[in-house]
Amino acid sequence: MTDLLFRGGRAFLAAGSFAEAVLVRDGRIAAVGAEAELARLAAPRCETVDLGGGLLVPGITDAHMHPVQAGLERARCDLSAVYGLPEYLEKIVGYAAAHPDREWIDGGGWDMSAFPGGLPHRSQLDFLDRPVYLIQRDHHAAWVNGRALEIAGITRDTPDPADGRIERDADGAPSGVLHEGAMDLVGLLAPRPTGQDLLEALLDAQSHLFSLGITGWQDAIVGSYAGSDDQLPTYVSAASSGRLKARVTGALWWDRARGAEQIDELLERRKAAEGLETFRAGSVKIMQDGITENFTAAVIEPYCRCGGTGLSYVDPEALKGYVAELDRHGFQVHFHAIGERAVREALDALEGTDPVNRHHIAHLQIVTPADVPRFARLGVTANLQPLWATHHAQMDELTIPFLGEERSSWQYPFADLLRAGTRFCAGSDWPVSNADPLQGMHVAVNRTEPGGSVHADYPTAQTPFLPGQAIDLATVLTAYTAGSAWINHDDDAGTITAGNRADLVVLDRDPFAGPQEDIWRTRAAMTFVGGEQVH
């Protein structure tokens with residue numbers, strides 16, 4: 001393999017530390033330093049990569065995403081790039097016309113804030129003669145039409161499942177929105193993707209992620225959930241054949257309707273990935289609650305206006321035993337926790353576990369000040385999804401009014417966690433939100449909506465959201481690189497250090513050199529995995 005000399009800009013090494021040039025040999029970083037010195041070390045046949053005044057950064061690892069599901073949605077009725085009922089209906093009608101042979105119209109990406117009270121209605125889709133199943137952007141609800149409800153046999157007499165809710169009209173009739181576990185009542189009846197569909201979705205997602213500078217990720221649900229099929233065979237196939245070039249950790253899904261008896265099955269599923277170079281399955285995903293907007297996030301005090309304290313999907317006392325056993329087997333535990341009670345329940349369950357397993361809690365929308373220092377004390381990593389920490393319609397209209405003033409001030413406390421010594425990793429939750437890591441970094445630094453987002457023109461979108469919780473660019477870039485590689489146990493990546501694998505990204509500008517308000521404009525110009533250019 002030809003030597004590569006990256007020059008003509010600078011390379012980000014660590015907070016406040018940069019280098020002039022980087023030399024790559026045989027897929028590894030051979031040297032870091034002054035350009036003239038590295039030019040002397042390079043082989044006679046050395047290819048120069050001109051940074052063009054941009055910034056060279058380590059390959060970005062997204063610590064929480066769902067790329068197979070994203071790839072499937074990109075191939076179906078994808079509503080993620082538009083906003084509002086007229087735009088959604090235009091997309092749906094166009095998709096239905098373009099695919100007259102498809103038995104169902106399925107896809108997703110709609111935003112709760114586009115509808116009064118956050119709720120669409122079946123009647124808006126009943127002009128279609130085919131069943132419709134559209135997953136909400138956050139993947140915690142589905143919008144269906146009357147035909148889909150009829151096929152599923154859902155009526156006013158159908159009880160809510162233990163882990164979900166059927167939204168209903170005033171007369172008790174199902175309205176067409178299915179929350180959480182109720183999604184499966186329809187989702188599992190929709191046509192299943194073939195193995196080839198899943199593989200193509202993964203490879204399409206990988207190509208898209210490479211274009212954003214993402215060279216690795218943690219798939220936050222590897223298993224059957226919310227109508228999606230198990231992706232483990234897809235990852236094993238792609239890694240075995242060499243088509244999976246990114247480094248991926250799969251977080252095996254914890255079935256919240258079952259208990260410790262599933263741990264033996266998880267051990268067998270972990271074995272399926274043994275010996276693969278680009279995929280491992282050493283993490284277990286436990287979703288402890290839902291989301292604030294539909295009042296399923298687990299909170300301590302009741303929601304304002306509507307009451308209720310949300311759902312703890314796994315009994316907190318039983319959870320402690322499950323986590324302890326997973327920890328003994330060397331599994332990493334990857335928690336979803338949105339509400340402050342769920343965060344506390346996750347931290348309680350992680351008391352006494354072995355930090356060597358690198359447990360982490362994702363989302364962390366609401367954290368009580370008393371629980372902030374527990375992360376560092378317990379050695380638990382905070383897995384940030386920065387894009388959500390802004391004023392947008394879902395925050396201002398569907399969240400803050402129901403949390404109240406004090407609890408709303410506890411949201412996304414990145415700076416408080418940092419001051420307490422918490423280790424960070426970061427991700428997007430794609431396709432829940434934009435996969436572009438520079439957009440997430442922009443929000444972490446500015447606490448405002450990035451330009452070009454569907455909420456960028458919302459009246460308060462450029463008013464910083466809890467600006468005292470902003471963190472600096474070096475910190476959040478480190479979270480997306482070194483922090484997320486570390487959480488994936490990918491210990492020879494994440495930093496530009498001699499000996500590390502040459503997973504590298506050339507940014508088209510140096511975001512440290514320009515106004516922080518323009519971070520979102522930065523793009524990945526080139527992406528390298530093991531020294532091979534993949535974008």
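**Exercise 1.** Break down the lining of the largest pocket by residue class.

*Solution.* Start with the classes: Ala, Val, Leu, Ile, Met, Phe, Trp, Tyr, Cys and Pro are nonpolar, Asp, Glu, Lys and Arg are charged, and the others, Gly among them, are polar. The lining of the largest pocket then holds 17 nonpolar, 17 polar and nine charged residues. The model is predicted: local features need pLDDT of at least 70, side-chain atom pairs count only at pLDDT 80 or more, and totals for chains, interfaces and linings use all residues. Numbering runs from 1 along each chain as its sequence is written, and side-chain values use heavy atoms, without hydrogens and water.

**Exercise 2.** Find the volume and the centre of the largest pocket.

*Solution.* A pocket is an open set of points on a 1 Å grid over the protein atoms alone, where a 1.4 Å probe fits, with protein on both sides within 12 Å along at least five of seven lines; lining residues have an atom within 4 Å of a point. Points join across faces, edges and corners, and the volume is the space filled by probe spheres set on them. The result is about 870 Å³. Of 43 lining residues, Ser80, Arg137, Val432, Ser433 and Asn434 are closest to the centre.

**Exercise 3.** Which helix gives the most to the lining of the second largest pocket?

*Solution.* Helices are DSSP runs (H or I, at least four residues), numbered from the N terminus. Helix 6 gives the most, with four residues. The pocket has 18 lining residues; Ala75, Arg76, Tyr95, Arg102 and Asp197 lie nearest its centre. Helix 2 and helix 6 (195-211) each give two or more.
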